[in-house]
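Student: I would like to work through this model with you, beginning with the whole chain and then turning to the packing of its helices. Could you take my questions in that order?

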Amino acid sequence: MSQSVSASAESHRTSLADYRAALTAPGSRGAVIASLLARLPIAMIGISALLYVQRETGSFAAAGLVSAGSLVGVSVGAVVQGRLIDRFGPTRPLLTTTVFFALAMTALVLAIEAHAPTLVLVPLAFGTGITEPMVGSASRALWTRLLPAGPTRNAAFSYEAISMEVFFILGPGFAGLLIAAPWAGTGIVTGSLTMIAGAVLFALSPTVRAWGPSPSSGGKLLGALASPGMRTLAVAALGFGAVIGFVEVAVPAAATEAGNTSIGGLLLSAWSVSSVAFGVAYSLRPWPRQMGLRLPVLLAGFGALVALLALPGSLWGLALAMLAAGALITPQSTTHSAAIEIAAPKGTAAEAFGWVLTAVTLGLAFGQSISGYLVEHAGHEAAFLAAGGVGFALAAVVWLLRGTFRPQPAGAVAEAPELVGAAR
């Protein structure tokens, strides 16, 4: 890997003044506020659904399958909606999907209340996932229209990433608190209504409505994956998502076994706190410097730290172990973004980001579904150990494929701003 390409992928330093300039840019305020409202419940809805189904069915296995169904839907919807937004502008696709999301979520809640079998709940959950309005995609892409390339636009992209981490801190905590409400479905309904309101306000904001259609947008389905480096990155993203998926079921199970169900969501928030804190420090001096080495090293380290979650015998000990494991979440997310700039062929960065998102989401679905089974039959400790094993196995695959990360020919490296079009 040439140093010029490496530097291009890693140098996105910004200042506080750049953040202020981005968030006060003309036309940004209404869209930014609406986007915050729409994206705040992203993590909350998933955890609320898992806890809601478990409360009504008494089965973490069923809850894991329902959550996995929703995640598979999101992985499909992210690509489909992203392309529709690129082609027609955000307003019409977002308003349409929001209507279908409201209908799908209503059907899912009614089915849960009716104690419908898992075979019914899983397809309904898939429907909520595929129709979930992808405001994050449009929000990130909007910055390329509001700001010129440079530090201010980079600050806007950093703001998007940081805000999502904050939502993943707050979301599980809100879900854990609301599951203790008199009705177990309070969290999923509250989160859905918040997302619907934010999506509608974002889609109808003047800046977003001014975003016209782009009939020339689009591309071949597997265009970005023609690059060997992109396929390697997809494997790393799959492993990252799978490890998290195991934990998102095993931690609430551990809390339930300890007789404190509501603390499960708060425990999941713990590792997002260390993720944000360590992620900022890591971005100043990423290691290892070579991308082909960085991806497997981070994934293997993450798997090792998650496997250690099987050791604590108390919820306090689990919370401390979660803080340690969370330190490698944001570094992996930012590394995936930097890797796209190196591996994606010219003009395919938006699609490439979509494939990374899909790989992470499918990994989450796999991890949650297997974790639910393990929790039911072997306990939450087995789920943590399995997560570590999956992380190590896929890190080994990425290590063997590390040579696929070679710099693109001159002029073929995708530009960073293109990433925002397909990001969630």
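Student: What percentage of the residues in the protein chain is buried?

Tutor: This is a predicted model, in which local features need pLDDT of at least 70 and side-chain atom pairs count only at pLDDT 80 or more, while totals for chains, interfaces and linings use all residues. Residues are numbered from 1 along each chain as its sequence is written, and side-chain values use heavy atoms, with hydrogens and water left out. Buried means under 20% relative accessible area, exposed over 50% and partly exposed in between (1.4 Å probe, protein chains only). Of the 424 residues in the protein chain, the buried share is 55%.

Student: How many helices and strands does the protein chain have?

Tutor: Both are DSSP runs numbered from the N terminus, helices being H or I over at least four residues and strands E over at least two. Counted in that way, the secondary structure of the protein chain comes to 18 helices and 0 strands.

Student: Among contacts between residues at least 6 apart in sequence, what share joins residues at least 24 apart?

Tutor: Contact here means heavy atoms within 4.5 Å. For the protein chain, with only pairs at least 6 apart in sequence considered, the share that joins residues at least 24 apart is 86%.

Student: How are α6 and α7 oriented relative to each other, parallel or antiparallel?

Tutor: Axes are lines fitted to C-alpha atoms, for helices over the stretch in contact, and angles run from 0 to 180 degrees between N-to-C directions. The axes of helix α6 (residues 91-113) and helix α7 (residues 118-131) come within 8 Å and cross at roughly 155°. Angles under 35 degrees count as roughly parallel, over 145 as roughly antiparallel, 65 to 115 as roughly perpendicular and the rest as oblique. The pair α6 and α7 is therefore roughly antiparallel.

Student: How do the residues of the contact of α6 with α7 divide into nonpolar, polar and charged?

Tutor: On the α6 side the contact includes Phe 100, Ala 104 and Ala 111, and on the α7 side it includes Leu 121, Leu 124 and Thr 128. Ala, Val, Leu, Ile, Met, Phe, Trp, Tyr, Cys and Pro count as nonpolar, Asp, Glu, Lys and Arg as charged, and the others, Gly among them, as polar. The residues of the contact of α6 with α7 divide into 11 nonpolar, 4 polar and no charged.

Student: Which residues does Ala 111 touch, not counting those up to four places away in sequence?

Tutor: Ala 111 is found in helix α6 and counts as buried, at 9% relative accessibility. Its C-alpha atom is 6.8 Å from that of Leu 121, although the two are 10 residues apart in sequence. With residues up to four places away left out, Ala 111 touches Ala 116, Leu 121 and Leu 124.

Student: Which residue in the loop between α6 and α7 has a positive phi, and what is the value?

Tutor: Most residues other than glycine have a negative phi. The residue in question is found in the loop between α6 and α7, and its phi is positive although it is not a glycine. It is His 115, with phi near 55°.

Student: How do the residues of the contact of α6 with α10 divide into nonpolar, polar and charged?

Tutor: The axes of α6 and helix α10 (residues 186-204) come within 9 Å and cross at roughly 165°, and the two helices are therefore roughly antiparallel to each other. Among the residues making the contact are Leu 94, Thr 98 and Phe 101 of α6, and Ser 192, Met 195 and Phe 202 of α10. The residues of the contact of α6 with α10 divide into 16 nonpolar, 3 polar and no charged.

Student: Is Thr 91 buried or exposed?

Tutor: Thr 91 has its place in helix α6. Leaving aside neighbours within four places in sequence, Thr 91 is in contact with Ala 203, Leu 204, Val 208 and Arg 209. With a relative accessible area of 16%, Thr 91 is buried.

Student: How do the residues of the contact of α4 with α6 divide into nonpolar, polar and charged?

Tutor: α4 and α6 pack at an angle of about 20°, with their axes 10 Å apart, which makes α4 roughly parallel to α6. In this contact, Ile 45, Tyr 52, Val 53 and Glu 56 in α4 meet Phe 101, Met 105, Val 109, Ile 112 and Glu 113 in α6. The residues of the contact of α4 with α6 divide into 7 nonpolar, no polar and 2 charged.
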